[in-house]
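Visitor: I would like a close look at a single part of this protein, namely its largest nonpolar core. Which residues make up that core, and which elements give two or more residues to it?

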Amino acid sequence: MNKLVKTENEHLHPSGGLVIPYEVADGIAVAIMKDHLSYLKEELRLHLEEGHYLHPEDLANSQNKYIPALETLIGYFGG
């Protein structure tokens, strides 16, 4: 059988879920993490430079936990 031509259900896992290559899954994960990192940095910039309100707990978590963690994970996944 030619592997370039998929049968009707070849893209489905026996559980019924969709099967995608690991490279695609990694790409999706990195894209989501980059997008969220960008959002957090912009939210932080707006707060620090333009005085937009940011809940103190969100400020602390973004600066001390989320942004450093996302940068580490993105680096690990090769983003």
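**The largest nonpolar core**

Guide: In this predicted model, the largest nonpolar core is made up of ten residues in all, namely Val30, Met33, Leu37, Leu40, Leu44, Leu54, Leu59, Ile67, Leu70 and Ile74. Two elements, α1 (22-50) and α2 (56-76), each give two or more residues to this core, and it is α1 that gives the most, with five residues. These elements can be set against the whole protein, which has two helices and zero strands.

Met33, one of the core residues, deserves a separate look: leaving aside residues up to four places away in sequence, Met33 touches Leu70, Leu73, Ile74 and Phe77. Of these partners, Leu70 and Ile74 are also listed in the core.

For the wider setting, buried residues make up 15% of the 79 residues in the protein, while the accessible surface comes to about 6300 Å², with 59% of that area belonging to carbon and sulfur atoms. Among contacts with a separation of 6 or more, 46% are accounted for by residues 24 or more positions apart.

As for confidence, the protein averages a pLDDT of 88, and 86% of the residues score at least 70. Over residues 1-5, however, pLDDT stays under 50, and for this stretch the model has four contacts beyond four places in sequence. Where pLDDT is low, the predicted coordinates should not be read in detail.

Notes
Residues numbered from 1 in each chain as written. Predicted model: local features only at pLDDT ≥ 70, side-chain atom pairs only at ≥ 80, totals over all residues. Heavy atoms only, no water. pLDDT = per-residue confidence, 0-100. Contact = heavy atoms within 4.5 Å. Helix = DSSP H or I, 4+ residues; strand = E, 2+ residues; numbered from the N terminus. Buried < 20%, exposed > 50% of the residue type's maximum accessible area, 1.4 Å probe, protein only. Areas by Shrake-Rupley, 256 points an atom, 1.4 Å probe, with all protein chains shown as cover. Core = buried A, V, L, I, M, F, W, Y, C linked by side-chain atoms within 4.5 Å.
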